[in-house]
Amino acid sequence: MKPELVFYNGAKLLEAPYWDSKNSILYFVAIRYNAVFAFNTETLDVHTYKTEGPVGGAVVDCNGNLLVAEKHGIYTLNPDTKEKTFIAHLFKSDQDMRYNHLICDSRGRILVDVMGDKERYPNGGLYSIDNGVVKNLIFGTTVANGIAFSNNEKVLYFTDSVTKKVMAYDYDIETGNITNERVVIEFGEQEGKPDGLYVDLDDMLWVTEWDGGKLSKWDTKTFEQVNEIQMPCRHVTACCLGGKSMEYMYITTAKIDDHEAAPAGGLFRIKVR
């Protein structure tokens with residue numbers, strides 16, 4: 001499994017890949033470049049949607065619009081007209097915060113995590129937005145990062161990267177509440193920090209490692225590691241499956257200083273099926 005570089009434009013922090021199977025589009029963001037990219041994996045065309053300030057993620061909602069977490073709020077974005085509609089903003093009075101990742105459950109709830117924009121301190125967390133009603137699910141995190149559901153949506157996985165732990169919670173799809181917090185994966189002192197999380201078609205959990213230079217796969221019944229893929233750069237941020245047969249794992253990476261050479265900060269893919 002050798003990673004193949006498929007996109008590179010010099011942006012230092014690519015994140016949050018999301019596969020739109022209906023249109024064969026891979027969406028991903030460049031947080032500090034203030035942009036959402038739409039990569040057509042068939043034509044290889046790349047379309048750019050500029051955002052107002054740092055962007056934490058973009059996913060497709062049930063109406064075919066993009067949900068985009070920008071600096072000043074969460075919006076729907078029509079990919080064709082570029083028309084934006086405001087949904088919510090969780091911290092209007094605190095410009096030191098930003099959004100980092102977002103996902104949706106099958107009932108249309110938006111789950112989004114927040115963290116310090118430049119300074120890191122433990123006042124971040126995970127929130128849900130359900131028909132305009134905001135609920136705090138987790139609070140006191142420093143670098144709120146990966147969010148993922150099990151395929152049956154009964155388990156929510158989440159990580160605060162600085163703890164080097166992946167947490168699991170029982171998720172109630174009827175209420176959107178979480179219970180039964182537990183640690184399912186913990187990385188050692190010599191390993192990287194868990195960043196992005198993704199659950200594949202077999203309910204296996206994939207974890208990207210910031211400062212670890214790899215992507216690991218875990219059995220969600222035993223939480224034993226079953227695979228590990230080395231990447232050509234140290235800061236691996238997020239991943240998702242994509243492709244006509246969901247045969248590729250797409251992986252975003254970061255370049256955190258000028259000493260790191262390309263392809264750090266690029267988008268890669270690996271054929272895994």
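**A strand-only chain, by question and answer**

Student: Does Leu66 count as buried or exposed, and at what relative accessibility?
Tutor: This is a predicted model, and the value is computed from it. The cut-off for buried is under 20% relative accessible area. Leu66 falls under that cut-off, so it counts as buried, at 0%.

Student: Which strand is the place of Leu66?
Tutor: The strand in question covers residues 66–70. Leu66 lies within that range, in strand E7.

Student: Which residues does Leu66 touch, leaving out those up to four places away in sequence?
Tutor: The neighbours include three tyrosines, Tyr27, Tyr49 and Tyr75. Thr76, Leu77 and Pro79 are also touched. The rest of the list is Ala58, Val59 and Val60.

Student: What separates the C-alpha atoms of Leu66 and Val134?
Tutor: Along the chain, Leu66 and Val134 are 68 residues apart. In space, their C-alpha atoms are separated by 20 Å.

Student: How many helices and strands has the chain?
Tutor: Take the helices before the strands: there are 0 helices. The strand count is 24.

Student: Why does the radius of gyration of the chain agree with a compact globule?
Tutor: The chain has 273 residues, and a compact globule of that length would have a radius near 19 Å. Along its principal axes, the C-alpha trace spans about 45 × 45 × 35 Å. The radius of gyration agrees with the globule because it is 17 Å.

Student: What share of the 273 residues in the chain do buried residues make up?
Tutor: Leu66 is one buried residue. Over the 273 residues of the chain, the buried share is 59%.

Student: Which residues have the most contacts inside the largest nonpolar core?
Tutor: The largest nonpolar core holds 29 residues. Strands E2, E3, E4, E22, E23 and E24 each supply at least two of them. A second, separate core has 16 residues, including Leu66 and Ala38. In the largest core, the residues with the most contacts are Leu14, Leu26, Phe28, Tyr198, Met249, Ile251 and Leu267.

Student: What is the order of the 4 strands in the open sheet?
Tutor: The pairing is antiparallel. The edge strands are E2 and E5, and each pairs on one side only. Neighbouring strands are turned by 20 degrees against each other on average, direction ignored. The order is E2-E3-E4-E5.

Student: Which residue in E5 stands opposite Ala38?
Tutor: E4 and E5 pair in the antiparallel sense over 5 bridges. The residue in E5 that stands opposite Ala38 is His47.

Student: Where is the place of Leu44?
Tutor: Leu44 has a phi near 70 degrees, a positive value in a residue other than glycine. Exposed means over 50% relative accessible area. Leu44 has 56%, so it is exposed. Its place is the loop between E4 and E5.

Student: Is Glu153 buried or exposed, and with what relative accessible area?
Tutor: Glu153 also has a positive phi, about 60 degrees, although it is not a glycine. Its place is the loop between strand E14 and strand E15. Glu153 is buried, with a relative accessible area of 16%.

Student: Which residues of E20 are on each side, with both faces covered?
Tutor: In a regular strand, side chains alternate between the two faces of the sheet. In E20, 5 of the 5 residues are buried. One side has Lys214, Ser216 and Trp218; the other has Leu215 and Lys217.

Student: Which residue in the turn between E20 and E21 has a positive phi?
Tutor: E20 and E21 pair in the antiparallel sense over 5 bridges. Lys214 stands opposite Gln230 in E21. The hairpin leaves 6 residues between the strands, and the turn residue with a phi of about 55 degrees is Phe223.

Student: Which residue in the turn between E19 and E20 has a positive phi?
Tutor: E19 joins E20 through 5 bridges, running antiparallel. Leu205 stands opposite Trp218 in E20. This hairpin has 3 residues between its strands, and the turn residue with a phi of about 70 degrees is Asp211.

Student: Which backbone oxygen does the side chain of Asn100 reach, and at what value?
Tutor: Asn100 is found in strand E10. At 3% relative accessibility, Asn100 counts as buried. A polar contact of 3.1 Å joins its side chain to that of Arg98. The backbone oxygen reached is that of Ala144, at 2.7 Å.

Methods
Residues numbered from 1 in each chain as written. Predicted model: local features only at pLDDT ≥ 70, side-chain atom pairs only at ≥ 80, totals over all residues. Heavy atoms only, no water. Helix = DSSP H or I, 4+ residues; strand = E, 2+ residues; numbered from the N terminus. Buried < 20%, exposed > 50% of the residue type's maximum accessible area, 1.4 Å probe, protein only. Polar contact = N/O pair within 3.5 Å; in protein donor to acceptor, adjacent residues only side chain to side chain. Core = buried A, V, L, I, M, F, W, Y, C linked by side-chain atoms within 4.5 Å. Contact = heavy atoms within 4.5 Å. Pairing = 2+ DSSP bridges. Axes fitted to C-alpha atoms, helices over the stretch in contact; angles between N-to-C directions. Rg over C-alpha atoms; globule rule 2.2 N^0.38 Å.
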